Amino acid sequence: MKIPLNTCPVCGFDQLDEPPRNRTGGASMEICSCCGFQFGVTDDDQGVSCDDYRERWIAGGMAWSGKGKKAPKGWNPQTQLGALARLATLKRVKGRPPRFSMQLL
Amino acid sequence: MFMKGLKSLLIVFLSVFVGALTHAVELVGQPQVKAEANSATILWKTDVACGTRLSYGRNAAQLDQKVEGAVSSAHEVFLSGLASGTTYHYSVGSARTKLAAGTFTTSGAVNTSQPSIVRRVLGVFTPTPKPPDTGSPADIAAPPTRQTWGNVSTLQDHFDRHGRDFSSKSPDDYAAQAWQLLQRARAESLPMKLDDTDGTLRVFDPQTRALAAYNSAGRTKTFFKPESSSYWQRQPGRPVKPADLRFSPR
């Protein structure tokens with residue numbers, strides 16, 4: 001399972017205008033409307049990693065950051081973070097899960 | 001005897017008829033132009049009577065306006081609704097032939113109060129010609145924000161975060177400053193890097209340490225002053241010159 005391209009790696013918000021990084025690593029410079037992380041600035045200039053920023057965001061109450069964009073209807077930061085964690089875990093699992101076979105039984 | 005006379009008559013008739021058909025209309029003298037602020041009269045003469053056609057436009061390669069008149073050897077065309085202080089290109093002739101081409105400039109100052117939509121859109125990417133009393137492109141008024149900022153719904157967030165770097169008074173002021181950096185970069189050949197992967201152009205002013213990123217259409221993505229001294233060196237993309245920019249007007 002792949003993490004959708006336009007998903008914020010910090011908070012899991014999946015409606016970014018463009019992928020946080022292009023395929024050669026260039027940052028989008030976009031500010032995530034959900035958590036406020038600016039790709040290419042918060043990390044590359046201020047030296048704050050995604051993990052550190054996420055911790056701060058969670059500690060700060062996971063407030064919606066964007067003023068120009070409203071939070072989607074029914075937006076839930078916990079659900080969003082849970083989905084991101086699940087996708088990240090699945091990405092780390094290498095190979096396919098074992099399948100039951102009649103021969104083995 | 002009779003046949004000989006008929007043959008010579010036929011030869012004379014054919015030579016006159018074919019000669020008349022193949023005679024090329026020629027211009028007598030040069031076209032005369034009387035240009036006013038919003039109109040112009042163009043006069044020209046031909047050696048024989050022929051149709052009247054004048055094509056004109058602001059671009060020599062695209063004379064998109066046409067005026068046609070009566071068959072005559074003294075041709076006169078009156079053009080109205082022209083912009084003042086503007087150079088027009090024209091060609092005169094008939095429906096079949098183009099006899100001459102030239103330019104004329106209407107009198108009066110250029111009317112900048114109501115620029116055309118095309119001019120306004122091109123103005124996003126093109127610095128307006130410098131007036132003599134203003135020194136730098138920073139003095140040029142920027143087009144409306146919606147034409148210069150990539151995603152207007154994100155502007156407030158960028159302004160809140162980086163506006164103080166440039167003492168911007170409002171989001172629109174901040175967007176205008178970002179646009180002006182691009183104009184200055186093109187005029188003064190500031191360092192620029194183009195990321196071919198997504199067309200992002202990054203511009204850096206080493207003196208003010210201002211950095212901006214623009215999308216492939218030349219609209220601003222962000223504008224800020226990086227804290228890190230090596231930030232510009234670490235940015236992706238190949239160095240480019242103003243002439244290499246893809247969104248330059250063609």
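In chain B, 55% of the contacts between residues at least 6 apart in sequence join residues at least 24 apart. This is a predicted model, and chain B in it has six helices and ten strands. Of the 250 residues of chain B, 26% count as buried. Here's a quick tour, starting with the core and ending with a leucine in chain B.

**The nonpolar cores**

- The largest nonpolar core has 38 residues, and those with the most contacts inside it are Cys32(A), Cys35(A), Val203(B) and Ala212(B).
- At least two residues of this core come from each of these elements: H1 of chain A, plus helices H4 (155-162) and H5 (171-188) and strands E7 (200-205), E8 (210-214) and E9 (220-224) of chain B.
- H5(B) is the top contributor to this core, with eight residues.
- Val203(B) has plenty to touch: leaving out residues up to four places away in sequence, the list runs Leu181(B), Leu182(B), Ala185(B), Leu190(B), Met192(B), Leu211(B) and Ala212(B).
- Apart from this core lies another one, of eleven residues, including Ala40(B), Ile42(B), Tyr88(B) and Tyr90(B).
- As a bit of background, nonpolar side chains in soluble globular proteins tend to be buried together.

**The sheet in chain B and the helix on it**

- Five strands of chain B make an open sheet in the order E9-E8-E7-E6-E10, with antiparallel pairing.
- E9(B) and strand E10 (238-239) of chain B sit at the edges with a single partner strand each, so one side of each has no neighbour in the sheet.
- Strand E6 (residues 192-195) of chain B pairs with E7(B) in the antiparallel sense, over four bridges.
- If you want to find your place in that pairing, look for Lys193(B), whose bridge partner in E7(B) is Arg202(B).
- H5(B) packs on this sheet and touches E6, E7, E8 and E9 of chain B. The direction of H5(B) makes about 95° with that of E9(B).

**Helix H1 of chain A**

- Tyr53(A), Arg54(A) and Trp57(A) are the buried residues to look at in H1 (residues 50-59) of chain A.
- These three cover an arc of only 100° around the axis, which puts them on the same side of H1(A).
- Turn to the face pointing away from that buried side and you'll meet the exposed residues Asp51(A), Glu55(A) and Ala59(A).
- Just after H1(A), Gly61(A) takes a positive phi of about 100°.

**Where the chains meet**

- The contact takes 17 residues from chain A and 23 residues from chain B.
- On the chain B side, the elements giving two or more residues are H4, E9 and helix H6 (231-234) of chain B.
- H4(B) gives the most to that side, with six residues.
- Sorted by class, the side of chain B that touches chain A has six nonpolar, nine polar and eight charged residues.

**Leu245(B), after the last sheet strand named above**

- Leu245(B) is found in the segment after E10 of chain B.
- Leu245(B) counts as partly exposed because it has 17 C-beta neighbours inside 10 Å, and the buried class starts at 20.
- Setting aside neighbours within four places in sequence, Leu245(B) is in contact with Leu201(B) and Val240(B).
- Leu245(B) and Ser216(B) are 29 residues apart in sequence, with their C-alpha atoms 9.3 Å apart in space.

Notes. Residues are numbered from 1 along each chain as its sequence is written. Chains are lettered from A and ligands numbered from 1 in the order in which they are written. This is a predicted model: local features need pLDDT of at least 70, side-chain atom pairs count only at pLDDT 80 or more; totals for chains, interfaces and linings use all residues. A residue is buried if 20 or more other C-beta atoms lie within 10 Å of its own, exposed if 12 or fewer, and partly exposed in between; C-beta atoms are placed from the backbone. The arc is that of the directions from the helix axis to the C-beta atoms. Two residues are in contact if their C-beta atoms, placed from the backbone, lie within 7 Å. A nonpolar core is a set of buried Ala, Val, Leu, Ile, Met, Phe, Trp, Tyr and Cys residues joined through C-beta atoms within 7 Å. Ala, Val, Leu, Ile, Met, Phe, Trp, Tyr, Cys and Pro count as nonpolar, Asp, Glu, Lys and Arg as charged, and the others, Gly among them, as polar. Two strands pair if DSSP finds at least two bridges between them. Axes are lines fitted to C-alpha atoms, for helices over the stretch in contact, and angles run from 0 to 180 degrees between N-to-C directions.
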